Amino acid sequence: MKGDPLTDILTLTSARCVEVGILVAGGSWALRFPPPNKIKFVAVVKGNCWLTIKDEADPLHIETGDVFVLPAERAFVLAGDLNAPQTEGLNIFADTTDKIAKVGDGDDFFAVGAHIAL
């Protein structure tokens, strides 16, 4: 796409994907993540969730088709239910061999995340 500023910036910075993970979730769930050590992109393919970012007052409602970028210096929570007990997100992914983490009951939510190195 010609004239896309984000593509231009990623090209100029020699951005490359260094890790990809998939999250499948359903029911009542919440995952707490430490600050990513690289820029993180997340695309919601199916369903919706809440995103809370450390030091931000209001949670953001994220829906199918939304893509968001997380800076490297802030912890965050992804949740299907803001009142659900929070589980360590990195532990969920550490227990997988195929980078597909499953949490909660069902598959109402599906997202793809990637860490980008510049």
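These are my notebook entries on the largest pocket, a buried lysine and the salt bridges of a predicted model.

**Ground rules.** I number residues from 1 along each chain as its sequence is written. In this predicted model, local features need pLDDT of at least 70, side-chain atom pairs count only at pLDDT 80 or more, totals for chains, interfaces and linings use all residues, and side-chain values use heavy atoms, with hydrogens and water left out.

**Entry 1: the pocket.** I looked up the largest pocket and found about 400 Å³ of space in it. A pocket here is an open set of points on a 1 Å grid over the protein atoms alone, where a 1.4 Å probe fits, with protein on both sides within 12 Å along at least five of seven lines. The volume is the space filled by probe spheres set on the points. I counted 22 lining residues (an atom within 4 Å of a point). F33, K40, L90, F93 and H115 lie nearest the centre. Two or more lining residues come from each of β1 (16-26), β3 (39-46), β7 (76-79), α2 (89-94) and β10 (109-117). Strands and helices are DSSP runs, numbered from the N terminus (E, at least two residues; H or I, at least four). β1 gives the largest share, five residues. By class I noted 15 nonpolar, four polar and three charged residues in the lining.

**Entry 2: K40.** I placed K40 in strand β3. K40 is buried (under 20% relative accessible area, 1.4 Å probe, protein chains only). I found no salt bridge for K40 (side-chain nitrogen of Lys or Arg within 4 Å of a carboxyl oxygen of Asp or Glu). The nearest side chain of opposite charge is E19, 7.4 Å away. Leaving out residues up to four places away in sequence, K40 touches F68, V69, L70, F76, G113, A114 and H115 (heavy atoms within 4.5 Å).

**Entry 3: salt bridges.** My search of the whole structure gave four. One of them pairs E19 with K99, with the closest N and O atoms 3.1 Å apart. E19 sits in β1 and K99 in the loop between α2 and β9 (100-104), 80 residues apart. E19 is partly exposed (20% to 50%) at 36% relative accessibility, and K99 is partly exposed at 39%.

K46 pairs with D107 at 3.9 Å between the closest N and O atoms. K46 is in β3 and D107 in the loop between β9 and β10, 61 residues apart.

R74 pairs with E56 at 2.8 Å between the closest N and O atoms. Both ends are in loops: R74 between β6 (67-70) and β7, E56 between β4 (48-53) and β5 (60-63).

Note on methods: Ala, Val, Leu, Ile, Met, Phe, Trp, Tyr, Cys and Pro count as nonpolar, Asp, Glu, Lys and Arg as charged, and the others, Gly among them, as polar. Lys and Arg count as positive and Asp and Glu as negative; His and the chain ends are not counted.
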